[in-house]
Amino acid sequence: MILQHASRAAGALALAACLAALACAPAQAGNQKEEALADSVRLALSRAIRDERPPQPRFSSQPQQQQYQQWLAQMSQRLQRKVPDAQSRTELLETIWYESRRAGLEPALVLGLIQVESAYRKYAVSLAGARGYMQVMPFWTGVIGDHDRSKLFHMQTNLRYGCAILRMYLDMEKGDLFLALGRYNGSRGRADYPNAVRAAWKQWEFKQ
């Protein structure tokens, strides 16, 4: 009986260790590659990430505001298992909505990309060193920022960088999302990553 209890205890400890290792495992996403940017592109990106105003959605009509509230409630319900804390979840969704719309991106696309990149882990770090929700490579802070890499773990800063970079890649690829996602992941021309993001995107579409 004592041996059985000891065996069960050892098994439980082993399981707990495995779960802890999985929770701390680095993100498996690829990485953006540093490219030569035209001065105009670099300046536009620098301006895009410089504005640090908090997300304040504005609506031209009451129906638009109601639709936003419905979107927020629906996405919050879907995200609950990944981000259990209600306040953190609401702040994250509000910021995703604001930053994606600011960059001319669909919020569902950004939600899907985050799911693939970091599984909604704020402090995720990939094997290549990419950081945060949208797995932004640290070199970007030197190219268009203030060289402070720690800011990539700040929620709005990370989302601002990620959305601005994806928008830039979309413009570079003349609206071709497949190629833009490949650039974002450092795997341009390969299908695995764009297909994964597109599949995740569908899971976050707003259902009216």
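## A helical protein and its nonpolar core

The largest nonpolar core of this protein has 48 residues, and those with the most contacts inside it are L92, M134, W140 and Y184. Eight helices each supply at least two residues of this core: helix 2 (39–50), helix 3, helix 4, helix 5, helix 6 (139–143), helix 7 (155–172), helix 8 (177–185) and helix 9 (192–203). The biggest contribution to the core, 10 residues, is that of helix 7. The structure is a predicted model.

### Overall build

What does the secondary structure of the protein come to? There are 9 helices and 0 strands. Read from the N terminus on, the elements follow the order α-α-α-α-α-α-α-α-α. The protein has 208 residues, of which 42% count as buried. Among the contacts with a separation of 6 or more, 62% are between residues 24 or more positions apart.

### The largest pocket

The largest pocket holds about 360 Å³ of space. It is lined by 15 residues, and the closest to its centre are Q67, W71, W97, R101 and P107. Three elements give two or more residues to this lining: helix 3 (62–79), helix 4 (86–102) and helix 5 (107–118). Which of the elements gives the largest share of the lining? That is helix 3, with 4 residues. Sorted by kind, the lining residues are 9 nonpolar, 2 polar and 4 charged.

### F206 and its contacts

F206 sits in the segment after helix 9. Is F206 buried, partly exposed or exposed? Its relative accessibility is 25%, so F206 counts as partly exposed. Apart from neighbours within four places in sequence, F206 is in contact with Q67, Q70, W71, Q74, M75 and R78. Two of these contact residues, Q67 and W71, are also listed among the residues closest to the centre of the largest pocket. For Q70, the separation along the chain from F206 is 136 residues, while the C-alpha atoms of the two are 8.9 Å apart.

### Salt bridges

Side chains of opposite charge can pair when their charged atoms come close. In this protein the count comes to 5 salt bridges. Three of them are set out below, with the distance between the closest N and O atoms.

| Pair | N to O distance |
|---|---|
| E99 and R160 | 2.5 Å |
| K151 and D146 | 2.5 Å |
| R183 and E173 | 2.5 Å |

The salt bridge of E99 with R160 joins two helices. E99 lies in helix 4 and R160 in helix 7, so this pair ties together parts that are 61 residues apart in sequence. Both E99 and R160 are buried.

The pair of K151 and D146 also meets in a salt bridge. K151 counts as partly exposed because its relative accessibility is 30%. D146 is partly exposed too, with a relative accessible area of 42%.

Where do the two partners of the salt bridge between R183 and E173 lie? R183 is in helix 8 and E173 is in the loop between helix 7 and helix 8, 10 residues apart. Buried means under 20% relative accessible area. At 19%, R183 therefore counts as buried. E173 is buried as well, with a relative accessible area of 10%. These two residues also belong to a network of salt bridges that links E173, R183 and R188.

### Two residues with positive phi

Most residues other than glycine have a negative phi. Y120 has a phi near 65°, a positive value in a residue other than glycine. Y120 is placed in the loop between helix 5 and helix 6. With a relative accessible area of 5%, Y120 is buried.

H147 is not a glycine either, yet its phi is positive, at about 70°. The position of H147 is in the loop between helix 6 and helix 7. Is H147 buried or exposed? H147 is exposed, since its relative accessible area is 60%. Both residues thus lie in loops, Y120 between helix 5 and helix 6 and H147 between helix 6 and helix 7, but Y120 is buried whereas H147 is exposed.

Methods. Residues numbered from 1 in each chain as written. Predicted model: local features only at pLDDT ≥ 70, side-chain atom pairs only at ≥ 80, totals over all residues. Heavy atoms only, no water. 1 Å grid on protein atoms, 1.4 Å probe; cavity = no way out; pocket = protein on both sides within 12 Å on 5 of 7 lines; lining within 4 Å. Points joined across faces, edges and corners; volume = space filled by probe spheres on them. Nonpolar A, V, L, I, M, F, W, Y, C, P; charged D, E, K, R; others polar. Core = buried A, V, L, I, M, F, W, Y, C linked by side-chain atoms within 4.5 Å. Buried < 20%, exposed > 50% of the residue type's maximum accessible area, 1.4 Å probe, protein only. Contact = heavy atoms within 4.5 Å. Salt bridge = Lys/Arg side-chain N within 4 Å of Asp/Glu carboxyl O.
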